[in-house]
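I sat down with this one over coffee and kept notes as I went. Here is what I looked up, entry by entry.

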Amino acid sequence: MNTLRTRRAMIGDLTYLAAALTLPTPLLRRFGSRALGAATPADLDPDLARFDGWTADLRTEQLADRSIPLGIATARIAALAVGTPYEAHLLDAYLRGGDALATEPLTLSLTRFDCNSFVESCVAVARAARAGGQPTWRGFGREVERMRYRNGLRGDYTTRLHYFSEWLADGDNRSLIRDVGFALGGVEDKRLLRFMTEHRDSYVALADDRVFKAMKEMEHRLDGDARRVIPTARIAQVEDRIQNGDVIGFATSTPGLDVTHCAIAVRDSRGILRVVHPPTSGGNVQVSRVSLPEYVAQLRDATGIMVGRPI
């Protein structure tokens, strides 16, 4: 056990988060996802209200200070998001009438999430609150864009980081998030990622042969990339080294796929490590009823976790 982490950092984290997990989420009307610059400020009111309120909370509680680990602010935002509706395939909604080879609109929302947008939004709000001057929705959008797209460059559908392991590696390469899998004793997962192209009918964008070809090339480029997974049986041994605000990817044995879901790690007032996430089964963003090791053990086909630390 890392004694320094347990006695010092963990106690500090608990001070910041003990009340956070019991705070009610503001009741705001359900509102659609947003493309940056595609709507007026008045039209963005519910999302902006949350952004303004959440960044103000971080600053009031001195969690926007750069001396505080970014994960603490990320976990605080995750706690404030509890109760927000889940919406599957949120980032792909534009494809119902859009072109997958055109520049992808930057979809932003703080009033509904899928698991990917939830993780990105929590980290992005925390970062935006640290910016000089008044935090802005545009600044929030820039932070999301930097994380969501390969090398931070938004282009067509194929430039989005669709596989969690590539999202983590890309962020690590650009000092946005640190892959701590190796440090936590993760084992290498060398399986080939082919899920998207082998399940073409499940992805609207892949109906276009050009997009399908580009995605297949992307998958092959990832063949040599190392992925570190902390096995399910080992999570309890290292959970004291998992920090508030760490991003958790739930690894799977499903052929061709790296993870099935992602979440934000938090510690409750008793120090129990849990996760905040929008459940893929539907419903609202919630805090897991059980600890992280127990949660993973209950997941079908789970092999462990991948862990990223916002920096």
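**Entry 1: a buried aspartate and its partner.** I started with Asp-268, which counts as buried at 9% relative accessibility. A reminder for myself: this is a predicted model. I then asked which side chain Asp-268 meets in a salt bridge. The partner is Arg-274, with 2.8 Å from N to O. I checked Arg-274 for cover as well, and at 10% relative accessibility Arg-274 counts as buried. Both percentages fall under the 20% cut-off, so both ends of this salt bridge are classed as buried.

**Entry 2: other salt bridges.** I searched the whole structure and got 17 salt bridges. I wrote down a few of them.

- Arg-191 and Asp-189 meet through their side chains at 3.1 Å, N to O. Here Arg-191 is partly exposed at 29% relative accessibility, whereas Asp-189 is buried at 11%.
- Arg-200 and Asp-209 form a salt bridge at 2.5 Å, N to O. Asp-209 counts as exposed, with 54% relative accessibility, and Arg-200 is partly exposed at 26%.
- Asp-92, Glu-104 and Arg-160 are joined in a network of salt bridges.

**Entry 3: a closer look at Arg-200.** Where does Arg-200 lie? I found Arg-200 in the loop between α7 (195-198) and α8 (209-221). Next I listed its contacts, leaving aside neighbours within four places in sequence: Leu-206, Ala-207, Asp-208, Asp-209 and Phe-212. Asp-209 on that list is also the salt-bridge partner from the entry above. For Phe-212, I noted that its C-alpha atom is 7.9 Å from that of Arg-200, and that the two residues are twelve apart along the chain.

**Entry 4: strand β10 and its partners.** I turned to β10 (residues 302-310) and asked how many of its nine residues are buried. The count is seven, so I put the strand down as mostly covered. Then I went through strands that pair with β10.

- β6 (residues 247-252) runs antiparallel to β10, with six bridges between them. Val-247 has Gly-308 as its bridge partner in β10.
- β3 (residues 177-179) is also antiparallel to β10, through three bridges. Arg-178 stands opposite Arg-309 there.
- β5 (residues 228-231) joins β10 by two bridges, again antiparallel. Ile-230 faces Ile-305 across this pairing.

**Entry 5: the nonpolar cores.** The largest nonpolar core has 50 residues, and I asked which of them touch the most other members. My list reads Leu-110, Phe-118, Phe-140, Phe-164, Trp-167, Val-247 and Ile-264. At least two residues of this core come from each of α2 (45-60), α3 (70-80), α4 (115-129), α5 (137-148), α6 (164-173), β6 and β7 (259-267). Of these, α4 gives the most, with ten residues. I also noted a second, separate core of 17 residues, with Leu-184, Ala-265, Leu-273 and Ile-305 among its members. Ile-305 was familiar by then, being the residue in β10 opposite Ile-230.

I followed up on Phe-164. Not counting residues up to four places away in sequence, Phe-164 touches Val-247, Ile-248, Gly-249, Asp-258, Val-259, Cys-262 and Met-306. Val-247 appears here again, after its bridge to Gly-308.

**Entry 6: the cysteines.** Since Cys-262 had turned up beside Phe-164, I wanted to know how many disulfides there are. The search of the whole structure gave zero. Why is Cys-262 not bonded to the closest cysteine sulfur? That sulfur belongs to Cys-115 and is 3.8 Å away, which is too far for a bond because a disulfide needs the two sulfur atoms within 2.5 Å. Cys-262 itself is buried, with a relative accessible area of 2%. Cys-122 is buried too, at 1%.

**Entry 7: the whole chain.** I closed with the overall numbers. The chain has ten helices and ten strands. Of its 311 residues, 53% count as buried. Among contacts between residues at least 6 apart in sequence, 70% join residues at least 24 apart. The accessible surface comes to about 13800 Å², and 51% of that belongs to carbon and sulfur atoms.

How values were computed: Residues numbered from 1 in each chain as written. Predicted model: local features only at pLDDT ≥ 70, side-chain atom pairs only at ≥ 80, totals over all residues. Heavy atoms only, no water. Buried < 20%, exposed > 50% of the residue type's maximum accessible area, 1.4 Å probe, protein only. Helix = DSSP H or I, 4+ residues; strand = E, 2+ residues; numbered from the N terminus. Pairing = 2+ DSSP bridges. Salt bridge = Lys/Arg side-chain N within 4 Å of Asp/Glu carboxyl O. Core = buried A, V, L, I, M, F, W, Y, C linked by side-chain atoms within 4.5 Å. Contact = heavy atoms within 4.5 Å. Areas by Shrake-Rupley, 256 points an atom, 1.4 Å probe, with all protein chains shown as cover.
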